[in-house]
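Work through these exercises with the sequence and the model side by side. Try each task before you read its solution.

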Amino acid sequence: MEKRKIGEQGLVVSELGLGCMGMSEFYGERDDAESIATIHRALELGIDFVDTADMYGPFTNEELVGRAIRDRRDRVVLATKFGNKRGPGGSFLGVSGRPEYVRQCVDDSLRRLGTDHIDLYYQHRVDPRTPIEETVGAMADLVRQGKVRYLGLSEAAPATIRRAHAVHPISALQTEYSIFSREPEEEILPTLRDLGIGFVAYSPLGRGVLTGRIKRPDSLGPNDRRHAFPRFQGENLAKNVSLVEGIERIATEKRTTPAALALAWLLAQGDDVVPLFGTKRRTYLEENIAAAKIDLSSADVARIAAVAPRGAAAGERYPDMSHVNR
């Protein structure tokens, strides 16, 4: 597993990262033993970049990750996030970037994770009611205190990124990016490259559609959160599945899986891009990690992009897009 430099402050991570959200919520039943085994196997295979957030579970995903890495903390680049407020019963309570909330959240996350520092700390969503300068100022204090090493943002607009970076260097932006979600190519990536900020691509497999395993709504369990997403509904899903069929044909030619091919395509977008895929099973982990061994020519990259051109995916990526790109 190769390493990639994220930002200009010294953060270096494996070229693929493991997202842990689905281990605790949103994507069907949980199996903590298998999830912990998956995290351990990822570390064995060279993935050191592990991502969670306080709102996943809520709160229980950080505890799960903390248990998994307790005896191997020095082998992990640990990322977590704050900003999406949830109640103990799971209710969504909005977004906060208030300085006092930042301070409260980091201490709670450190306790749940069982560690004395977080390697990469993101604001999960931008709070439109709190100036980004105040939020990042509070995050910068955490760096000075040694609780956090590097700072990140998630789903922030170019102007917000520039304002934040002027307060304290931002090492990473995490935003959805895949063959299906190419919007970052327009303004986000150019802004990041101008400022020297790395890009962490979440949902690089289109929340599973790009694996080729989701063909119909009943491919998902009854409690799967994706039923509420426009891209998984009715004619939208049918159109998106047809796009994946083109990816599958290329994957077959390359003797790999559509998931690995989709990740390899992202790896080819630049050395400053790190795909963060989510899985809670070792089987899928090992399937996805094969992407690191796939060499794509410029012609291959262009051919894959042509199968699913920018804007071709049907449906918005969230039921409510008002909370992203602020």
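**Exercise 1: an unusual loop**

Pro58 sits in the loop between β4 (49-51) and α2 (60-69). Helices (H or I, at least four residues) and strands (E, at least two) are DSSP runs, numbered from the N terminus. The model is predicted: local features need pLDDT of at least 70, side-chain atom pairs count only at pLDDT 80 or more, and totals for chains, interfaces and linings use all residues. Residues are numbered from 1 along each chain as its sequence is written, and side-chain values use heavy atoms, leaving out hydrogens and water.

Task: Find which residues the cis peptide bond joins, then examine Phe59 in the loop between β4 and α2.

Solution.
- Step 1. The cis bond joins Gly57 and Pro58, with omega at about -5°.
- Step 2. Phe59 is not a glycine, yet its phi is positive, about 75°.
- Step 3. Phe59 has a relative accessible area of 25%, which makes it partly exposed. Here buried means under 20%, exposed over 50%, and partly exposed in between (1.4 Å probe, protein chains only).

**Exercise 2: from loop to helix**

Task: Is Arg255 buried or exposed? How many residues of α8 are buried?

Solution.
- Step 1. Arg255 belongs to the loop between α7 and α8.
- Step 2. Its phi is positive too, about 60°, and Arg255 is not a glycine.
- Step 3. Arg255 counts as exposed, at 82% relative accessibility.
- Step 4. Helix α8 (residues 258-267) is mostly covered, with 10 of its 10 residues buried.
- Step 5. Trp265 and Leu266 are among the buried residues.
- Step 6. The buried residues of α8 pack against elements including β1 (3-6), α7 (234-253) and α10 (298-307). Contact means heavy atoms within 4.5 Å.

**Exercise 3: two packed helices**

Task: Describe how α3 and α4 pack.

Solution.
- Step 1. Two packed helices are described by the angle between their axes and the distance between the axes.
- Step 2. Helix α3 (residues 99-113) and helix α4 (residues 132-145) make an angle of about 35°, and their axes are 8 Å apart. Axes are lines fitted to C-alpha atoms over the stretch in contact, and angles run from 0 to 180 degrees between N-to-C directions.
- Step 3. On the α3 side, Pro99, Val102 and Val106 take part. They meet Glu134, Thr135, Ala138, Met139 and Leu142 in α4.
- Step 4. The contact residues divide into six nonpolar, one polar and one charged. Ala, Val, Leu, Ile, Met, Phe, Trp, Tyr, Cys and Pro count as nonpolar, Asp, Glu, Lys and Arg as charged, and the others, Gly among them, as polar.
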